[in-house]
Amino acid sequence: MQKKDASPPGFLPRFPNFATQAIHTGQDPEQWRSRAVVPPISLATTFKQEAPGQHSGFVYSRSGNPTRNCLEKVVAVLDEAKYSLAFASGLAATVTITNLLKAGDQVICMDDVYGGTSRYFRQVAAEFGLKISFVDCSKTKLLEEAITPQTKLVWLETPTNPNLKMADIKACAHIVRKHRDIILVVDNSFMSAYFQRPLALGADICMYSATKYMNGHCDAVMGLVSVNSEDLHKRLRFLQNTLGTVPSPFDCYLCIRGLKTLQIRMDKHFQNGMAVARFLESNPRVEKVIYPGLPSHPQHELAKRQCTGCPGMVTFYIKGSLQHAETFLKHLKLFTLAESLGGYESLVELPAIMTHASLPKNDREILGISDTLIRLSVGLEDEEDLVEDLDQALKAAHPSSGSLK
């Protein structure tokens, strides 16, 4: 019998049969007349009915599509969920979830989140009468203190973007369960279904920007949502159809393809992420490194209790000023200066000026999103090449390390 893959030291055991499920769930060739091994892309917008109201399960592609169905089936299994829904983007999923609420309801959102999430809650959802509170939910006492009779949604990111703070999902769920009718959402984009299963830890909704690790190829914009509650599923399915927040069949096909290699990609992201984090932590030109896989991370033990590993997201502060950060970014050769993350290629960005520029300056300062904070999405290249690229760019930013303290 073949030996099971070893888990990283101290982390949760790997989820069993993950790769097999990712490759085969919902994709049996017997369901297609052609017996195609790869699920066909169904581009039709409408479907023939045998008689008025008598159809084969598909009527109009916004309401249901064969290719989208395949994707939703496999994601549900990977999330250990009963149901999954696909959306046009991560923010389309966010908007659809928020439409479960009504004016006057309160949303408690993690203080350090994706810039698009923060922008939507601050500048759009608040205008429709929702009360938005940003709270550091990594401190469960602050979450408990923030809950009011009007609280209807708690929105977590773990790890957070860009500071990689970890929230204890199980502890947060325990607090939320003390109150009726509060929905706990976890944005699992950074971890993917391979490293973390929020529903098993007590969350009501697990959502993704599948644009990131779940697809993993930087060629499709998409969102995903998984739930176990039949009631939530019915309400979200109604909103998905009514709001029209659905993805294209072609993007669904791309994501199905991406999921087939999710396991081997995430293992490599973890390996490269650790190598890069360790290199940066030992470099005199770096002020501080933030990576949940490092023992120096303040919630490293939580990461090991909650996850099966860590992704390729590494955040660090370069010593000096904005000028040093810009010089470093300019001299990188393998890391591409670009927003987004989770693809096979390594990316780098400056959150204060790029992904989190819409955040009020005072809030950025409180969160530590300074001009010297750099976020890496470590890709699948050879780790020695990545380390060499970072090393030469750091030396370009600080030609002499002798004066650095």
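## A strand-to-strand salt bridge

Glu-349 and Arg-375 form a salt bridge, with their closest N and O atoms 3.2 Å apart. The pair links distant parts of the chain. Glu-349 sits in strand β11 (residues 347-349), and Arg-375 in strand β12 (residues 373-377). The two residues are 26 apart in the chain. Both Glu-349 and Arg-375 are buried. The model described here is predicted.

## Other charged pairs

The whole structure holds 20 salt bridges. Side chains of opposite charge can pair when their charged atoms come close. One of these bridges joins Glu-72 to Arg-237, with 3.1 Å between the closest N and O atoms. This pair also links distant parts of the chain: Glu-72 belongs to helix α2, and Arg-237 to helix α8 (residues 230-243), 165 residues apart. Glu-72 is buried, at a relative accessible area of 6%. Arg-237 is partly exposed, because its relative accessibility is 25%, and the partly exposed class runs between the 20% and 50% limits.

Asp-136 and Lys-165 meet through their side chains in another salt bridge, at 3.3 Å from N to O. Here the link runs between two loops. Asp-136 is in the loop between β3 (131-135) and α5 (140-146). Lys-165 is in the loop between β4 (151-157) and α6 (169-177), 29 residues from Asp-136. Both Asp-136 and Lys-165 are buried. The pair is part of a network: salt bridges with shared partners join Asp-111, Asp-136, Lys-139 and Lys-165.

## The loop between β4 and α6

The loop that carries Lys-165 has further backbone features. A cis peptide bond joins Thr-158 and Pro-159, with omega at about 0°. Pro-159 lies in this loop between β4 and α6. A cis peptide bond also joins Asn-161 and Pro-162, where omega is about 10°. Pro-162 is in the loop between β4 and α6 too.

Leu-164 is not a glycine, yet its phi is positive, at about 55°. Leu-164 is again in the loop between β4 and α6. Its relative accessible area is 1%, so Leu-164 is buried.

A positive phi also occurs at Asn-17, a residue other than glycine, with a value near 60°. Asn-17 is in the segment before α1. Asn-17 counts as exposed because its relative accessibility is 53%.

## The nonpolar core

In soluble globular proteins, nonpolar side chains tend to be buried together. The largest nonpolar core in this model has 119 residues. Leu-71, Phe-328 and Leu-376 touch the most other members. Helix α10 (residues 262-281) gives the largest share of this core, eight residues.

Leu-376 has many contacts listed beyond its neighbours within four places in sequence. Among them are Val-276, Leu-280, Phe-316, Phe-335, Leu-347 and Leu-390. Gly-312, Met-313, Val-314 and Val-348 are also in contact with Leu-376.

## Helix α4 and the loop after α10

Helix α4 (residues 115-123) has these buried residues: Gly-115, Gly-116, Thr-117, Ser-118, Tyr-120 and Phe-121. Their cover includes α3 (90-98), β2 (106-110), β3 and β4.

Asn-283 lies in the loop between α10 and β8 (286-290). Asn-283 counts as buried because its relative accessible area is 8%. Neighbours within four places aside, Asn-283 is in contact with Asp-391 and Leu-394.

## Cysteines

A search of the whole structure finds zero disulfides. Cys-137 is in none; the nearest cysteine sulfur belongs to Cys-172, 5.7 Å away. That distance is not within the 2.5 Å limit for a disulfide, so Cys-137 and Cys-172 are not paired. Cys-137 is buried, at 0% relative accessibility.

Cys-252 is in no disulfide either. Its nearest cysteine sulfur is that of Cys-255, 7.6 Å away. Cys-252 is buried, with a relative accessible area of 0%.

## A surface patch

On the surface, Ile-41, Leu-43 and Phe-250 form a nonpolar patch. Together they have about 290 Å² of accessible area. Ile-41 lies in the loop between α1 (18-24) and α2 (66-78). Ile-41 is partly exposed, because its relative accessibility is 32%.

Methods
Residues numbered from 1 in each chain as written. Predicted model: local features only at pLDDT ≥ 70, side-chain atom pairs only at ≥ 80, totals over all residues. Heavy atoms only, no water. Patch = residues over 30% accessible without salt bridge, like charges linked within 9 Å, V, L, I, M, F, W, Y side chains within 5 Å. Areas by Shrake-Rupley, 256 points an atom, 1.4 Å probe, with all protein chains shown as cover. Salt bridge = Lys/Arg side-chain N within 4 Å of Asp/Glu carboxyl O. Helix = DSSP H or I, 4+ residues; strand = E, 2+ residues; numbered from the N terminus. Buried < 20%, exposed > 50% of the residue type's maximum accessible area, 1.4 Å probe, protein only. Contact = heavy atoms within 4.5 Å. Core = buried A, V, L, I, M, F, W, Y, C linked by side-chain atoms within 4.5 Å.
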